[in-house]
Amino acid sequence: MRICAVALVGLIALTGCGKKKGGSHDGGLGGFVSGGSGGENPASGPTDLPSGLPTDLPSGAPSDLPSYDAPTPSYTYSAPPTYNSDGTNDITASGCDYDESTHSFEYTLNVRNPETQSMRYSITIQWDNQDGSGLLGSDYESITVSSGSSQTVNATSYRYLSQQTSFTCKVTSALKYPS
């Protein structure tokens with residue numbers, strides 16, 4: 001609205017279309033109302049502007065626009081907690097055995113989560129022939145352990161053995177990640 005008013009005042013000032021004062025326009029070509037004798041004194045500008053319109057015309061870019069300050073974020077960034085993805089040190093194992101009545105290898109694992117957040121453990125267990133002749137069984141367990149807590153899991157692999165066999169139990173991998 002202000003720009004329209006400024007443009008209107010400028011148009012009135014340039015074309016002389018305001019109220020006509022006394023004399024006539026020079027040559028009928030439009031322009032400013034001349035004062036004095038033959039234009040010796042330059043015109044001082046229109047004096048009969050409508051009331052309520054601004055008289056101070058801005059030059060160049062507007063400087064009365066409000067300044068804008070970018071808002072500061074209301075949160076603070078904190079890096080995610082770090083953890084060791086190798087969970088083998090979080091596991092203690094016991095009871096490496098073979099149950100003849102169920103024909104199964106057994107291994108008891110106690111998983112203790114030392115992290116500050118709940119972790120999911122993916123654990124692979126193997127039973128190998130002690131003489132190095134090969135794999136006798138394997139199991140995979142996936143458990144979630146709360147921060148600072150422990151959980152026991154029984155790993156089992158079913159296999160019928162026809163002769164006495166010496167074997168070893170081992171955790172071959174234990175990966176952990178936030179749950």
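Trainee: Which cysteines form a disulfide in this structure?

Mentor: This is a predicted model, and the structure holds one disulfide. A disulfide is a covalent bond between the sulfur atoms of two cysteines. Here the two sulfur atoms lie 1.8 Å apart, and the cysteines that carry them are C96 and C169.

Trainee: How many residues apart in the chain are the two cysteines of that link?

Mentor: The link of C96 and C169 is right-handed, with 80° about the S-S bond. C96 sits in strand β1 and C169 in strand β6, and the pair links distant parts of the chain. Their separation along the chain is 73 residues.

Trainee: Is C169 buried or exposed?

Mentor: A residue is called buried when its relative accessible area is under 20%, and partly exposed between that value and 50%. C96, at 37% relative accessibility, therefore counts as partly exposed. C169 has a relative accessibility of 14%, so C169 counts as buried.

Trainee: What pattern of helix and strands does the chain follow along the sequence?

Mentor: The chain contains one helix and six strands. When these elements are read along the sequence, the helix precedes the strands, and the pattern is α-β-β-β-β-β-β.

Trainee: Which strand gives the most to the largest nonpolar core?

Mentor: The largest nonpolar core has 20 residues, and among its members I123 and W127 touch the most others. Each of the strands β1 (91-99), β2 (104-112), β3 (119-129), β4 (135-145), β5 (150-158) and β6 (167-178) supplies at least two residues of this core. The greatest contribution, five residues, comes from strand β3.

Trainee: Which residues is I123 in contact with, leaving aside its neighbours within four places in sequence?

Mentor: I123 is one of the two residues that touch the most other members of the largest nonpolar core. With the neighbours within four places in sequence left aside, the residues in contact with I123 are I91, L109, V111, D139, Y140, E141, V171, S173 and A174.

Trainee: How many residues apart in sequence are the parts that the pair of F105 and F167 ties together?

Mentor: The structure holds three aromatic pairs, and one of them is formed by F105 and F167, which meet edge-to-face at 4.9 Å centre to centre with 80° between the planes. Both of these residues are buried. Because F105 lies in strand β2 and F167 in strand β6, the pair ties together parts whose separation in sequence is 62 residues.

Trainee: Which residues form one aromatic cluster?

Mentor: F105 and F167 have already appeared as an edge-to-face pair, and both belong to the cluster. W127, which was named among the residues touching the most other members of the largest nonpolar core, belongs to the cluster too. The full cluster is made up of Y98, F105, W127 and F167.

Trainee: With which side chain does the side chain of S122 make a polar contact?

Mentor: S122 is found in strand β3, and its relative accessible area is 13%, so S122 is buried. Not counting residues up to four places away in sequence, S122 touches Y140, E141, S142, S173, A174, L175 and Y177. The polar contact, at 3.2 Å, is with the side chain of Y140.

Trainee: What share of the contacts in the chain with a separation of 6 or more comes from residues 24 or more positions apart?

Mentor: The chain has 179 residues, of which 22% count as buried. Among the contacts with a separation of 6 or more, the share that comes from residues 24 or more positions apart is 64%.

Terms used. Residues numbered from 1 in each chain as written. Predicted model: local features only at pLDDT ≥ 70, side-chain atom pairs only at ≥ 80, totals over all residues. Heavy atoms only, no water. Core = buried A, V, L, I, M, F, W, Y, C linked by side-chain atoms within 4.5 Å. Buried < 20%, exposed > 50% of the residue type's maximum accessible area, 1.4 Å probe, protein only. Helix = DSSP H or I, 4+ residues; strand = E, 2+ residues; numbered from the N terminus. Contact = heavy atoms within 4.5 Å. Phe/Tyr/Trp six-rings, centres within 6.5 Å; stacked < 30°, edge-to-face > 60°. Polar contact = N/O pair within 3.5 Å; in protein donor to acceptor, adjacent residues only side chain to side chain. Disulfide = S-S within 2.5 Å.
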